[in-house]
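Open the model in your viewer, turn on the cartoon display and keep the selection tool at hand. We will go from the whole chain down to single residues, one stop at a time.

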Amino acid sequence: MSIESISLSGRKKVVSNKEMSFLERMYLLAIVKGMIITIKHLFTRKVTILYPEQVREMSPVYRGQHQLKRDELGRENCTACGLCALSCPAEAITMKAEERKPDEKHLYREEKYASIYEINMLRCIFCGLCEEACPKDAIYLTTSKLLVPSSYDREDFIFGKDKLVMPLDIAMKNAQLKNAK
């Protein structure tokens, strides 16, 4: 088996360099085919919606903004293992791990925590692999429609823990809902 016959995708096509006929060189047939497609699109139903009155429903696999979870006591779930940063194909996540001090037991669950946790939203492709890789379910992509706000400065697109950590009141409500079930 030669190297030329191997195809990893199975979609390998042999290209021929045959001489084109006069009609093919005039591209008349290709232009007519293109016009037929264009005319067909004129008579199809439009997909445009009237936005303020009609709201398009979101996809069931929609992934919104990132958020770092807290537990029922308000402590961060992240243990700075770095699996989310390793699994990110865009390399958008950076973190720095530090040891927890004795007076910080009420802030962090484990001995190690992420002192710096940043996501570069310009690089992020919202694939959700960071969410899947996390063993502590510390990071997840919300279903909120709020995404990254527009700005002229690149620094505004680097989200630190100040923008990523779940607010304490929401964490407490989640704990109450979990205990009620």
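Here is a tour of the whole chain, two groups of cysteines and some other residues.

**Stop 1: the whole chain**

Before you select anything, keep in mind that this is a predicted model. Colour the cartoon by secondary structure: the protein chain has 6 helices and 5 strands. If you walk along the sequence, they come in the order α-α-β-α-β-β-α-β-β-α-α.

Now zoom out and rotate. Along its principal axes, the C-alpha trace spans about 85 × 60 × 40 Å. The radius of gyration of the protein chain is 26 Å, whereas a compact globule of 181 residues would have one near 16 Å.

Switch on the surface. The accessible surface of the chain comes to about 14,400 Å², and 59% of that belongs to carbon and sulfur atoms. Of the 181 residues, 24% count as buried.

You can also colour by charge. The chain has 29 positive and 24 negative charges, and the mean positions of these two sets are 8 Å apart.

How do contacts link parts of the sequence? Among contacts between residues at least 6 apart in sequence, 69% join residues at least 24 apart. Watch for such links as we go on.

**Stop 2: C78, C81, C84 and C134**

Select these four cysteines and show them as sticks. An unreviewed UniProt entry gives C78, C81, C84 and C134 the feature "binding site". They are spread over 57 residues of sequence, yet they cluster in space, with a largest C-alpha distance of 10.3 Å.

Start with C78, in the loop between β1 and α3. Is C78 buried or exposed? C78 is buried, because its relative accessible area is 11% and the cut-off for buried is under 20%. Leaving out residues up to four places away in sequence, C78 touches K112, Y113, A114, Y117 and A138.

Next, click on C84, which lies in helix α3. C84 has a relative accessibility of 6% and counts as buried. Beyond residues up to four places away in sequence, C84 touches I93, M95, Y117, C130 and A133. Keep C130 on display for Stop 4.

**Stop 3: A80**

Now select A80, in the loop between β1 (66-68) and α3 (83-87). A80 counts as buried, at 6% relative accessibility. Setting aside neighbours within four places in sequence, A80 is in contact with M95, A97, K112, Y113 and A114.

Try the distance tool here: which separation do you find between the C-alpha atoms of A80 and I116? The model gives 9.3 Å, for two residues 36 apart along the chain.

**Stop 4: C88, C124, C127 and C130**

Show this second set of cysteines in another colour. An unreviewed UniProt entry also places a "binding site" feature at C88, C124, C127 and C130. They span 43 residues in sequence, but no two of their C-alpha atoms are more than 10.5 Å apart, so they gather at one spot.

Look at C88 in the loop between α3 and β2 (93-99). C88 is buried, with 12% relative accessibility.

Then move to C127, in the loop between β3 (112-120) and α4 (129-133). C127 counts as partly exposed, at 24% relative accessibility. Apart from neighbours within four places in sequence, C127 is in contact with R63 and P89.

**Stop 5: E91 and F126**

Select E91 and F126 and look at the backbone. E91 is not a glycine, but has a positive phi of about 55 degrees. F126, also a residue other than glycine, has a positive phi near 55 degrees.

Where do they sit? E91 lies in the loop between α3 and β2, and F126 is found in the loop between β3 and α4. E91 is exposed, with a relative accessible area of 56%, while F126 counts as partly exposed at 21% relative accessibility.

**Stop 6: Q65**

For the last stop, select Q65, in the loop between α2 (28-42) and β1. Which residues does Q65 touch, not counting those up to four places away in sequence? The list is Y140, L141, T142, L146, L147 and F159. Q65 is buried, with a relative accessible area of 13%. Show those contact residues as sticks around Q65 to finish the tour.

Methods. Residues are numbered from 1 along each chain as its sequence is written. This is a predicted model: local features need pLDDT of at least 70, side-chain atom pairs count only at pLDDT 80 or more; totals for chains, interfaces and linings use all residues. Side-chain values use heavy atoms; hydrogens and water are left out. Helices (H or I, at least four residues) and strands (E, at least two) are DSSP runs, numbered from the N terminus. The radius of gyration is taken over C-alpha atoms; the globule rule is 2.2 Å times the number of residues to the power 0.38. Buried means under 20% relative accessible area, exposed over 50%, partly exposed in between (1.4 Å probe, protein chains only). Contact means heavy atoms within 4.5 Å. Accessible areas come from the Shrake-Rupley method with a 1.4 Å probe; for residues, only the protein chains shown count as cover. Lys and Arg count as positive and Asp and Glu as negative; His and the chain ends are not counted. The place of a charge is taken as NZ of Lys, CZ of Arg, CG of Asp or CD of Glu. UniProt positions are given in the numbering used here, feature names are shortened, and annotations may be inferred rather than shown by experiment.
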